[in-house]
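Q: I've got a protein structure on my screen and no idea how to read it. Can you walk me through it?

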Amino acid sequence: MTTKARMGAIGVLVAASLIMAVPAVAKDSVTIAVPAFLSGPAAGPFGVPARNGAEMVIDAINAGKLPAPYDSKGFAGATVTADYIDESGGNTKQVAEYRNLVQKREVDAIIGYISSGSCAALAPVVEELKTLTVFAVCGTPRVFEDGPREYIFRTMSHATADNVAAAHYVKDMFPGVKTYTGINQNYAWGQDSWRDFELAMKVLMPGAKQSDKVQFPKIFAGQYGSEISALSLDDAELVHSSFWDGDLEGFIFQAAPRGLFTKKKVIFTVGGTAAYRLGKKMPDGLILGARGPYGILVRDRKTALNEWFIQTYFDRYGTYPSGPAYQYGQAVLATKIAYDKAAAAAGGFPSKEQVIASFKGLEFESFSTNVKMALAGGHQALTENVYGLTKWNADAAEPGVTDVKFYPAECIMPPDGVTSVDWIEKGMPGAKC
Amino acid sequence: MSALLEARGLNKSFGAVTAARDIDISVAPHEIVGIIGANGAGKTTFVNMVTGWLKPTSGRILYEGHDIVGRTPRQITRLGICRSFQVAQIFGSASVFDNLLIALGIAEARGLAALRLLRRPDLADKADALLARYGIADYRDQSAGTLPQGVRKLLDIAMAMVAAPKVLLLDEPTSGISSDEKFELMDVVMGALKEDGVTVLFIEHDMEIVGRYVSRVVAFYQGEIICDAPPLVALADPKVKEFVIGEDLHNQTLLQGGVLQEAPDARG
Amino acid sequence: METTRDWTIPGVTVGFAAVAVLGLLFLPDWLMNLTVIAFARALAVVGLMVLWRTGLVSFGHALYFGLGAYTVALLGKDDGISEVLITLPAATLVAATVGLFLGFIVRRYREIFFAMLSLAFSMVLYGILVKTEALGSTDGFNVRTPTFLGFAPEDAGTTLRAIFLVLCALCWTVAVLVHRYLQSTLGRLTTAIRDNEIRVEYLGYSVAQAIHGKYVMSAALAGLGGGILAIALGQVDPDSMVNWTVSGELVFVTILSGPGSVAAPFIGSMIYELIRTYAFEWLPHAWQLIVGVTLLSIIFFLPGGVWSLLARLRRREVE
Amino acid sequence: METAITILLDGLVFSSYLFLVSVGLTIIFGVMKILNVAHGSLYAWGAYTSAYLIGVWSEAGFGDAGTFLMIAVAALVVGCVLGFVLERGLIQFMYARDEVIVVLATFATFLILEDVILLVFGVDPYFAYQPMAYLGSAELGGILRDVYSLTLIGLAAVVGIVLWVGLTQTRWGKLLAAVIHDRELSVAMGIDVTKVYVLTFMLGAVLGALGGAYVAPMVSVAPGFGVEVIVLSFAVVVIGGMGSIPGAAIGALVVGIARAIAVHKLPEVELFVVYGVMAVVLVFRPEGLFAPASARKI
């Protein structure tokens, strides 16, 4: 009996494996997977715009409707089929799902990932499974610092840029700051962000002191009453935060009536996503970043690509695109360019290796900025960064930013082969600001 | 006379209620002692103290000359004092045969021996022998949870006997058994116990049973022993007549108080 | 109790041998991966099944699962030990040791109190891991690629196959040993304890000790399962390894499998993993709903788990 | 001194929140011996419904004072409807089953309700800031505080006192005590145990939903909202003693104040406070500080 049951189970397995073993279709189409948070607290502020941005750009690519020079159809002519999958559920689950994507669904490329946790966990697996993977948003510098990567590309600057630029902005705009503190989530993203900011402040504003009560609440904690009290009582005039997802919005809601934003200067390195969503509830005078030149901070950048992006997005989704929409769109665009370039070089549909070869060191004009795949052997992008101050635009009845300052990538990113911490600690040698 | 089991100055109180007061009793090997008394007289409390379920407030219980107060039921079982229950304590989801097999397995389970296979011919033979001796072989493969009362009782007693105890305490072996069956049951039980030469103390309400099977009667009233004598003498004692038999006739159908009665015979 | 011959040991022997051989020959990587994950979880479920037979359900075995996983991961951290011959026994041992200590507390409790106390203990570990920056906090960290008796596979496919084979062998060993255990007196003191603790005590065996032993055994098995999962996935983090939802998943698979046989957890776990994978693929927004509905259906319509279904089929065949 | 006041207030606010979210769990557990994992879903449903209703109310231009009514309506409607449906549709069939199987059933319910929330309310967070804006801010202990979160303390106190009086002083409370003590005997005494169970479950559900409904204006109500709460409320209940209302209050106070102290004095250990307190309690009193539940004796 037991034997029979086992044999039955094996039968199912074998049958299943035979069904799955049908060979992949020839290359008139490219299958990609686009992971982003579709559930959980990060879905609304990040996952949905990210997905939308990718979807919109992919549809435009398939229709050949991107503005020139990107108006050729598909990835190297092949239609792109995208599967949007959920990034929530923990890193280990992402690793398991990634294996499924590659081994079971046999996708050609994976474009996405928002959380630094996902990317750090996936990096070794990507290399093991040898599949082209373009990280779209996640910011941890560790991805390329932990070892050479052949199959991973990241099409935007990493978190060091956000926090070094933040320190520059503070120095430029508020040189009188004497002490500063921070509230960041207790995981790689928050810890790294704070570390880079603190180190950069030591270099750029050596006179300013760091508070000894820096807060690290758990991600998705939701309630920050005590933390807001502690920050309010702290002497520091400046608060640094890399909060994102629902935490960011909850924090703003709880801190605004308590006067935190009138009493202190508060930097939100990823605050851009909240601007359109909170609308008038977004307090004025926040120092706002969007992890680069995206979303509200480049609302006025008048390039053809940017205008197309904003208009198309607004028409389709009824809201202006925020950072993650741009960043996912940018990752898809980069992949298309790499495919097209490889096809041109190979004179036919390119192999994975050819795509990777042409991806390395790619330089292109993206929707809102220029991207140079210049670091980590051509795998890590250099993009500029930008900060501004929030200001409600009463005339247009929409959120806006003032005092916008751009910082070139060479000013805020470490040169190739140097880790972020080393670079900042040594006083950011070679920075071109 | 060297006593096998002896209680000296045993007291037990639950808050304000005294369930045992200055109990002195001495039982010689191979005696068969009937314990009688009305409900709440302290009979089951006495059994519970002897088997380690309850700890006396004061006093000593000597078994083969050693004080066993403070030992757990398990340790006392291992020493050779076993018991049956007013509500039969059996493994409801196992067959009658398996009940005995488990009991036999536990009896030999010291250290690694607990990992010996249970389904072995030698254990099976012993189990079958027990089944035959207690007259329940017909129910061998029936699930114990579905047994008629009398068979449950027999199984309960058979399991108590697996460890080959020197002293067996039976808590109302005939309760819940119809009057035409009870002599049959007692004949089986007492016959089997005699073969093993076990010292028996049993709680009984039915004076007919008491008169027929015991060599000595101990009567309880309000936690005290009011009479300790051979059956004929005891049953004729005026105090026994007034406080035990008289009251008991009225109350026989009522449930008897006591801790074990509340313990479920199966997880419920 | 039927006295027919017990086919379990030949059954699992042939079964695992067949899975191993056919797996190597036919299984695509993803399905082999899925099998590895399912079997790793099944090892923990075998322990939970023994507890369940005893009438105890632990909602905190993610504690041991996580301990095993983190032990393996930590040993390999910073170019440490990657040899499965060391890491897996270590995972088992660490989990068993912690189980031994906590066992002194939990063995006093039954039913819902046992379940909740176990859960509480697992949350303490969760809290520690989430807080510990050196262990990557909520991110966790990568696990080294394993070596097998010094053999270090070159590529992912070989590693997977090696893990698969080691796991099949381990599962077979565990199934046989646990089955043998269940045939012993101590093994029979599972349902017996569930039926009647008083009788067990009055037969002269300590219920607390018997439960303690099973608890340690289940902890060890969960540790082993967690260790293998860490190796197979190459990543550990608190949410996927130690959170209460992981414990819930383990209990779910236990119920799904049913207590009928040591082979049941392996089949049940496989089914669970397939349901989860396909639900996630077809309905990424509603996969939890599907899992939840499955669980409710099992509770209501198949209280004996999948195994009872197989057993029923067999009975029909015989008739 | 200022810091001391701030710590106390912070601690009280957080304790009140903890008490509100865990008291429903402990009541259901105390009476029915069910660890209701779906409690987190009730909390989330309460929050979503409240945020939704507040939005509708405000858009209709009815004035912000009325949003408090919406909070109450959300708690009552969600608690009564979901509580009734869950008890009658699921839990009542499980009384004959193992308690742990019932826990699993509520776990399944939790999984299902999580996704149903997504299907009904979508993934976009809801904001319901109106009640908070309406009450404004006040300076206390040298820093500005929003009055709304301070009202949380009052609400928790009222809920706690009402429950305490209701359970110890009223006929209904005594009935409940009888059912808790001995279910079979209660049936024999003519108590309608079914009704008691339904009402208890609904009461617990209303309290869970109330926690969510009242917290909704302070946070962004987003998917996954209920998960964290299960763990937190469970920890409070374990610390206080499973099934004890004073226990839940003490547990909430201990955790809340300890956490506030940590945030202000030693931010590094903040996260560990809940689990740390729980670990200490478990080692010395596994049954919790106020433990009506005892280990099974043998």
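A: Happy to. Keep in mind that this is a predicted model. Let's begin with one chain: chain B is divided into domain 1 (5–84 + 153–262) and domain 2 (91–146).

Q: How many residues of domain 1 of chain B are in contact with domain 2 of chain B?

A: For contacts here, look for two residues whose C-beta atoms, placed from the backbone, lie within 7 Å. In chain B, nine residues of domain 1 are in contact with 12 residues of domain 2. On the domain 1 side, the elements giving two or more residues are α5 (149–161) and α6 (179–196) of chain B. The largest share, five residues, comes from α5(B). As for character, that side of domain 1 of chain B has nine nonpolar residues, no polar and no charged. The centres of the two domains of chain B, taken over C-alpha atoms, are 26 Å apart.

Q: Now the chains. Which two have the most contacts among the pairs that touch?

A: People often give the size of an interface as the accessible area lost when the parts come together. Here we go by contacts: four pairs of chains touch, and chains A and C have the most contacts among them. Chain C puts 44 residues into that contact, and chain A puts in 40. On the chain C side, the elements giving two or more residues include α1 (8–26), α2 (29–53) and α13 (264–282) of chain C. The biggest giver is α1(C), with 10 residues. The chain C side is a mixture: 23 nonpolar, 15 polar and six charged residues.

Q: Which chains have no contact with chain B?

A: Chain A has none with chain B, and their closest C-alpha atoms lie 20 Å apart. Chain D has no contact with chain B either, with closest C-alpha atoms 8 Å apart.

Q: What is the strand order in the open sheet of chain A?

A: To read a sheet, follow which strand pairs with which. This open sheet of seven strands in chain A goes β7-β6-β8-β9-β10-β14-β15, with mixed pairing. At the edges sit β7 (209–210) and β15 (398–407) of chain A, each pairing on one side only. Zoom in on β10 (residues 287–289) and β14 (residues 385–393) of chain A: they run antiparallel and are joined by three bridges. In one detail of β14(A), G388(A) is the bridge partner of L288(A). Helix α6 (residues 159–173) of chain A lies across β8, β9, β10, β14 and β15 of chain A, at about 60 degrees to β14(A).

Q: How do I check the length of a helix, say α12 of chain D?

A: Compare its end-to-end span with what 1.5 Å a residue predicts. Helix α12 (residues 272–284) of chain D has 13 residues and should span 18 Å, and its end C-alpha atoms are 18 Å apart, so the two agree.

Q: Which residues of α12(D) are buried?

A: An α-helix has 3.6 residues a turn, so residues three or four places apart point the same way. In α12(D), the buried ones are V273(D), V274(D), Y275(D), M278(D), V281(D) and L282(D). Their cover includes α5 (111–131) of chain C, along with α10 (227–240) and α11 (245–265) of chain D.

Q: And is α10(C) largely enclosed or largely open?

A: Count its buried residues: 23 of the 27 in α10(C) are buried, so this helix is largely enclosed by the rest of the structure. Helix α10 (residues 207–233) of chain C reaches 38 Å from first C-alpha to last, close to the expected 39 Å. Just after α10(C) comes G234(C), with a positive phi of about 75 degrees.

How values were computed. Residues numbered from 1 in each chain as written. Chains lettered and ligands numbered in written order. Predicted model: local features only at pLDDT ≥ 70, side-chain atom pairs only at ≥ 80, totals over all residues. Domains from an automatic or database assignment. Helix = DSSP H or I, 4+ residues; strand = E, 2+ residues; numbered from the N terminus. Nonpolar A, V, L, I, M, F, W, Y, C, P; charged D, E, K, R; others polar. Pairing = 2+ DSSP bridges. Axes fitted to C-alpha atoms, helices over the stretch in contact; angles between N-to-C directions. Expected span 1.5 Å × (residues − 1). Buried ≥ 20, exposed ≤ 12 C-beta atoms within 10 Å, placed from the backbone.
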